[in-house]
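Let's take a walk through this one, from a single residue out to the cores and then to a pocket. Keep the viewer open as you read.

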Amino acid sequence: MTYREVTLEERNKMMEQGVFDINGNIPAHPGYTGIHRHGDSTYKKETEMKIISFAWTTPAIEVKLKTCTRRDWDDIYASRFNKGDLLAGYDRNPRFKGSQITTIRLTEKPYKERYCDAPLGDWFAEGFDYLQSIGAKVHGVDPSELWENWITDVTQCYVVRFEYA
């Protein structure tokens, strides 16, 4: 793919239309992927609360019996989260009509851990004990079956510990 410089006419037109990249700069070429319109609902300001979805474990979140989650995040994404951050907890991804059901505060910076190294107490912290007791599934699987799979899984994930704000 080749790129060309934006002409002065194109640049002026983009300025009139309010098109900027996420840093408020004019993009270097029309195919630039970071373009957002001011006022566009998908444009996320740095001051807005981050979002986390609990679609598979919503019942445990609703009764506040979940204080830990494991995420398959890349390092760059995970680095955006810090101890004390407030996150809007959703029952499903807001892009798919999810609703905010809680606000959580991170009690520590997310860290990497192998699934097989999860402490026994995380059975409760993940909300699995409650979910098992009500017959709920986690992504279509019994919580006990999921936990058994974790015991032998050497894959690393990010552990996110939180409290309710």
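T102 sits in strand β6, which covers residues 100-106. Keep in mind that this is a predicted model. Is T102 buried or exposed? Its relative accessibility is 10%, and the cut-off for buried is under 20%, so T102 counts as buried. Who does T102 touch once you skip the neighbours within four places in sequence? The contacts are I61, L87, A88, G89 and Y164.

Now for the nonpolar cores. The largest one has 13 residues, and those with the most contacts inside it are I52, F54, W73, L87, I104, L106 and F162. Two elements, β6 and β8 (156-164), give two or more residues each to this core. The largest share comes from β8, with four residues. To get a feel for the packing, click on W73: leaving out residues up to four places away in sequence, W73 touches I52, A78, F81, P110, Y158 and V160. There is also a second, separate core of 12 residues, with A60, A136, V138 and L146 among them.

V138 is a handy bridge to the next stop, the second largest pocket, since V138 is one of the residues closest to the centre of that pocket. The second largest pocket holds about 460 Å³ of space. Of its 19 lining residues, the others closest to the centre are W56, T69, R70 and R71. Which elements give two or more residues to the lining? They are β4 (68-71) and α6 (143-152), and β4 gives the most, with three residues. By type, the lining divides into 10 nonpolar, four polar and five charged residues.

Technical notes. Residues are numbered from 1 along each chain as its sequence is written. This is a predicted model: local features need pLDDT of at least 70, side-chain atom pairs count only at pLDDT 80 or more; totals for chains, interfaces and linings use all residues. Side-chain values use heavy atoms; hydrogens and water are left out. On a 1 Å grid over the protein atoms alone, a cavity is a set of points where a 1.4 Å probe fits but cannot get out, and a pocket is an open set with protein on both sides within 12 Å along at least five of seven lines; lining residues have an atom within 4 Å of a point. Grid points are joined across faces, edges and corners, and a volume is the space filled by probe spheres set on the points. Ala, Val, Leu, Ile, Met, Phe, Trp, Tyr, Cys and Pro count as nonpolar, Asp, Glu, Lys and Arg as charged, and the others, Gly among them, as polar. Buried means under 20% relative accessible area, exposed over 50%, partly exposed in between (1.4 Å probe, protein chains only). Contact means heavy atoms within 4.5 Å. A nonpolar core is a set of buried Ala, Val, Leu, Ile, Met, Phe, Trp, Tyr and Cys residues joined through side-chain atoms within 4.5 Å.
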